[in-house]
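Thanks for coming. I have one structure to go through today, so let me put it on the screen.

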Amino acid sequence: MHSKSRYIWAYMMIAPTLIGTLIFWSWPAVYSIYLSFLKSENFGLVNHWVGWANYERLFMDEEFWQNLRNTILYVVLFVPTTIILSTFFAVLLNAKIKGQAVYRVIYFLPQVTMAAAAAMVWVIIFAQDYGLLNSVLGTHIAWISDKRFAMYALVMVGVWGAIGFNMLLILAGLQGIPRTLYEAAEIDGAVGFRKFRSITLPLLTPTLFFTSIVLVIGATQIFDSIYLIIGKTNVALPAVRSLVYAYYQNSFIYYDQNYGAAIVNILLVINLVLTGIQFMLQKKWVIYD
């Protein structure tokens, strides 16, 4: 086939995805930037250019800084916990055990469970008087209405939901490590944790790097568990409210879409900076050979 014809077919094959991305991802991002410089009235029929006014208001808003702290705290608690547990279960499933396929399905189930259904179960588990968690721990904690514990409850739910998918990613990375390396290490006398530290962990770093980027971006966008488990009337909401929840609150409850757009644009910048930092730091710990 002529090379030019091959390019035409290639562009035609990626065209649906490219068009969908431009319409449903790129255009909303550009439009939200435009919205953040406006003051809209009459349901968006009348717009006034206000420049940086929404951003100036944002940086003077104490609630924004609290929401930013909540989001960062969630990322700090959620990402390392998920990576450690996902790696642990992936290593277990990579061993030759009976019923391996069944365990993989069980761990992946949270990924395909409806968020609303899972949230209802977690609300029952976290219940102060009759909840399973308090019964197991022998405590009487109001997990989702006490601001001291609500964030930990959200992290538990988030980690439970994220382990399955990330475990599969790490498991794929583990299965890409040549068996000959382990055989050579065994000949040299290496066993158990030493093999994991000297072979598995270094060769798994590219997968862990990719996983960390996906997890950080996902964690900064936490919304559904706050909306479904904590709720808008909960007294603990200010202690866990994320930037995305603040965006939803301002855009769709207070009908201030311009301020909401400013919040979500700041979140975009934060994600770009965090991803850039991760790429810079990966030179110090990721091993590609």
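Where does Asn250 lie? Asn250 is in helix 12. Before I go on, please keep in mind that this is a predicted model.

Is Asn250 buried or exposed? Asn250 counts as buried because its relative accessibility is 7%, and buried means under 20%. Setting aside residues up to four places away in sequence, Asn250 touches Tyr255, Asp256, Gln257, Tyr259, Gly260 and Ile263.

One of those partners, Tyr255, deserves a stop. Tyr255 sits in the loop that runs between helix 12, residues 243–253, and helix 13, residues 257–285. Its phi is near 55 degrees, which is a positive value in a residue other than glycine. Tyr255 has a relative accessibility of 65%, so it counts as exposed, the cut-off being over 50%. To put the pair together: Asn250 is buried, Tyr255 is exposed, and the two are in contact.

Now the overall picture. The protein chain has 13 helices and two strands. Its C-alpha trace spans about 75 × 70 × 35 Å along the principal axes. There are 289 residues in the chain, and 39% of them count as buried. For contacts between residues at least 6 apart in sequence, 63% join residues at least 24 apart.

Next, a helix pair. Two packed helices are described by the angle between their axes and the distance between the axes. Here the pair is helix 7, residues 150–175, and helix 9, residues 192–219. Their axes come within 9 Å and cross at roughly 145 degrees. The crossing of helix 7 past helix 9 is right-handed.

Which residues make that contact? From helix 7 they are Ala162, Asn166, Leu169, Ile170, Gly173 and Leu174. From helix 9 they are Thr200, Leu204, Thr207, Leu208, Phe210, Thr211 and Leu215. Sorted by class, the contact of helix 7 with helix 9 has eight nonpolar residues, five polar ones and no charged ones.

Take Leu169 as one of the helix 7 residues in this contact. Leaving aside neighbours within four places in sequence, Leu169 is in contact with Thr207, Phe210 and Thr211. Those three belong to the helix 9 side of the contact. Leu169 has a relative accessible area of 22%, so it is classed as partly exposed, given that buried means under 20%. There is also a sequence-distant pairing here: Leu169 and Ala90 are 79 residues apart along the chain, and their C-alpha atoms are separated by 8.7 Å.

Gly158 is also in helix 7. Is Gly158 buried or exposed? It is buried, because its relative accessible area is 16% and the limit is under 20%. With neighbours within four places in sequence left out, Gly158 is in contact with Tyr74 and Phe78. The C-alpha atoms of Gly158 and Thr82 are separated by 8.5 Å, although the two residues are 76 apart along the chain.

Now helix 5, residues 115–126. Helix 5 has twelve residues and reaches 16 Å from its first C-alpha to its last, close to the 16 Å expected at 1.5 Å a residue. Which residues of helix 5 are buried? They are Ala118, Ala119, Trp122, Ile125 and Phe126. Seen down the axis of helix 5, these buried residues fall within an arc of 120 degrees, so they line one face of the helix. As background, an α-helix has 3.6 residues a turn, so residues three or four places apart point the same way. What do the buried residues of helix 5 pack against? They pack against helix 6 (132–137), helix 7 and helix 10 (224–230).

Helix 10 contains Ser225. At a relative accessible area of 10%, Ser225 is buried. Not counting neighbours within four places in sequence, Ser225 is in contact with Leu154, Val157 and Ile230.

Last residue: Tyr31, in helix 1, residues 3–35. Tyr31 is partly exposed, with a relative accessible area of 35%. Tyr31 and Leu267 are 236 residues apart in sequence, and 15 Å apart in space from C-alpha to C-alpha.

That is what I had. Questions are welcome.

Definitions and conventions. Residues numbered from 1 in each chain as written. Predicted model: local features only at pLDDT ≥ 70, side-chain atom pairs only at ≥ 80, totals over all residues. Heavy atoms only, no water. Axes fitted to C-alpha atoms, helices over the stretch in contact; angles between N-to-C directions. Helix = DSSP H or I, 4+ residues; strand = E, 2+ residues; numbered from the N terminus. Left-handed = near helix turned anticlockwise from the far one by under 90°. Contact = heavy atoms within 4.5 Å. Nonpolar A, V, L, I, M, F, W, Y, C, P; charged D, E, K, R; others polar. Expected span 1.5 Å × (residues − 1). Buried < 20%, exposed > 50% of the residue type's maximum accessible area, 1.4 Å probe, protein only. Arc of directions from axis to C-beta.
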